[in-house]
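Visitor: Hey, got a minute to walk me through this one? I'd like the overall picture and then some residue-level detail.

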Amino acid sequence: GPPGSGKTALARIIAMRTRSVFEPLNAVTAGVKELRELIAAAHQRRIHEERKTIVFVDEIHRFNRAQQDALLPDVENGKITLIGATTENPFFSVVAPLLSRSQIFEFKRLEEEDVVRLLENALAHPERGFPGVEVAAEPAALAHIARYAEGDARRAMNALEIALLTTPVEDGKMAITEEVAREC
């Protein structure tokens, strides 16, 4: 799926809901050595703590064939549960043996109304980090941020954060206007 569509968030939720240890790995920076160390630790954890490990490989399409093949035995024997995320078509970038042992989920770009709802939920969250401040955002401001984000939730949240950090508080209130959104 595209950037900011929830791939990592879903992997974290799966780990949390299954009470598994979440081990993130970035395929751009990790090599086979790091992969083997992580799998060895997961195996020990499974034996001694009876806890499963989810290995989340971000940018899995960046792993070369040898790196992807190194995952196969441990996926097959259940030492790890592999969740790979990619912005590429996995049928062209992930080796066939891994694909045959996988469920493929395609994430779509978020619609603007989905991004607006995400921003509204973030502003309504009781622990958002502005205790004692009443934050009001104009619908046009949130719509502008959603358009700017182009379906990327992370990009939208970053823009909202900039708006919140740069807007002055007056009498315990903060107003995120469309003008503020455009500046951010």
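Guide: Sure. Keep in mind that this is a predicted model. A starting point is the contact pattern: of the contacts between residues at least 6 apart in sequence, 76% join residues at least 24 apart.

Visitor: How many helices and strands are there in the chain?

Guide: The chain has nine helices and five strands. Reading from the N terminus, the order is α-β-α-β-α-β-α-α-α-β-α-α-β-α.

Visitor: And is the chain compact or spread out?

Guide: The chain is more spread out than a compact globule, because its radius of gyration is 20 Å, well over the 16 Å that the globule rule gives for 184 residues. Along the principal axes, the C-alpha atoms fill a box of roughly 60 × 35 × 25 Å.

Visitor: What about burial and surface, then?

Guide: Buried residues account for 38% of the 184 in the chain. The exposed area comes to about 11,200 Å², and carbon and sulfur atoms supply 51% of that.

Visitor: How far apart are the mean positions of the positive and negative charges?

Guide: They are 8 Å apart, taken over 23 positive and 28 negative charges.

Visitor: OK, zooming in. Which strand does β1 pair with, β2 maybe, and in what sense?

Guide: Strand β1, residues 21-26, pairs with β2 in the parallel sense, over six bridges. One residue pair to look at is Pro 24, which stands opposite Phe 56 in β2.

Visitor: How many residues of β2 are buried?

Guide: Five of the six residues in β2 (53-58) are buried, so the strand is mostly covered.

Visitor: What does Leu 38 touch?

Guide: Leaving out residues up to four places away in sequence, Leu 38 touches Glu 23, Leu 25 and Val 55. Leu 38 itself is in helix α2, which spans residues 32-48.

Visitor: Why does Leu 38 count as buried?

Guide: Its relative accessibility is 12%, and buried means under 20%. There's also a distance you can check: Leu 38 and Ile 80 are 42 residues apart along the chain, and their C-alpha atoms are separated by 9.6 Å.

Visitor: Switching to backbone angles. What is phi like at Arg 19?

Guide: Arg 19 has a positive phi of about 55 degrees, although it is not a glycine. You'll find Arg 19 in the loop between α1 (7-17) and β1. With a relative accessible area of 69%, Arg 19 is exposed.

Visitor: And Glu 50, where is that?

Guide: Glu 50 is in the loop between α2 and β2. Its phi is positive too, near 55 degrees, and it is a residue other than glycine. Glu 50 counts as exposed at 72% relative accessibility.

Visitor: Which residue follows α7, and what is its phi?

Guide: That's Glu 150, with a positive phi near 50 degrees.

Visitor: Staying with α7, which of its residues are buried?

Guide: In α7 (139-149), the buried residues are Ala 141, Leu 142, His 144, Ile 145, Ala 146 and Ala 149. They pack against α6 (112-124), β4 (134-137), α8 (153-166), β5 (173-176) and α9 (178-183).

Visitor: The histidine caught my eye. What does His 144 touch?

Guide: Not counting residues up to four places away in sequence, His 144 touches Ala 181 and Arg 182. His 144 counts as buried at 16% relative accessibility.

Visitor: Now β5. Which residues are on its covered face, and which on the uncovered one?

Guide: Met 174 and Ile 176 form the covered face, while Lys 173 and Ala 175 form the uncovered one. In a regular strand, side chains alternate between the two faces of the sheet.

Visitor: How many bridges join β4 to β5?

Guide: Four bridges, and the two strands run parallel. Within that pairing, Ile 176 in β5 is the bridge partner of Ala 137.

Visitor: Last one: where is Gly 78?

Guide: Gly 78 is in the loop between α3 (65-76) and β3 (81-85). Gly 78 is partly exposed, with a relative accessible area of 29%. From Gly 78 to Asn 89 is 11 residues in sequence and 25 Å in space, C-alpha to C-alpha.

Conventions:
Residues are numbered from 1 along each chain as its sequence is written. This is a predicted model: local features need pLDDT of at least 70, side-chain atom pairs count only at pLDDT 80 or more; totals for chains, interfaces and linings use all residues. Side-chain values use heavy atoms; hydrogens and water are left out. The radius of gyration is taken over C-alpha atoms; the globule rule is 2.2 Å times the number of residues to the power 0.38. Buried means under 20% relative accessible area, exposed over 50%, partly exposed in between (1.4 Å probe, protein chains only). Contact means heavy atoms within 4.5 Å. Accessible areas come from the Shrake-Rupley method with a 1.4 Å probe; for residues, only the protein chains shown count as cover. Lys and Arg count as positive and Asp and Glu as negative; His and the chain ends are not counted. The place of a charge is taken as NZ of Lys, CZ of Arg, CG of Asp or CD of Glu. Two strands pair if DSSP finds at least two bridges between them.
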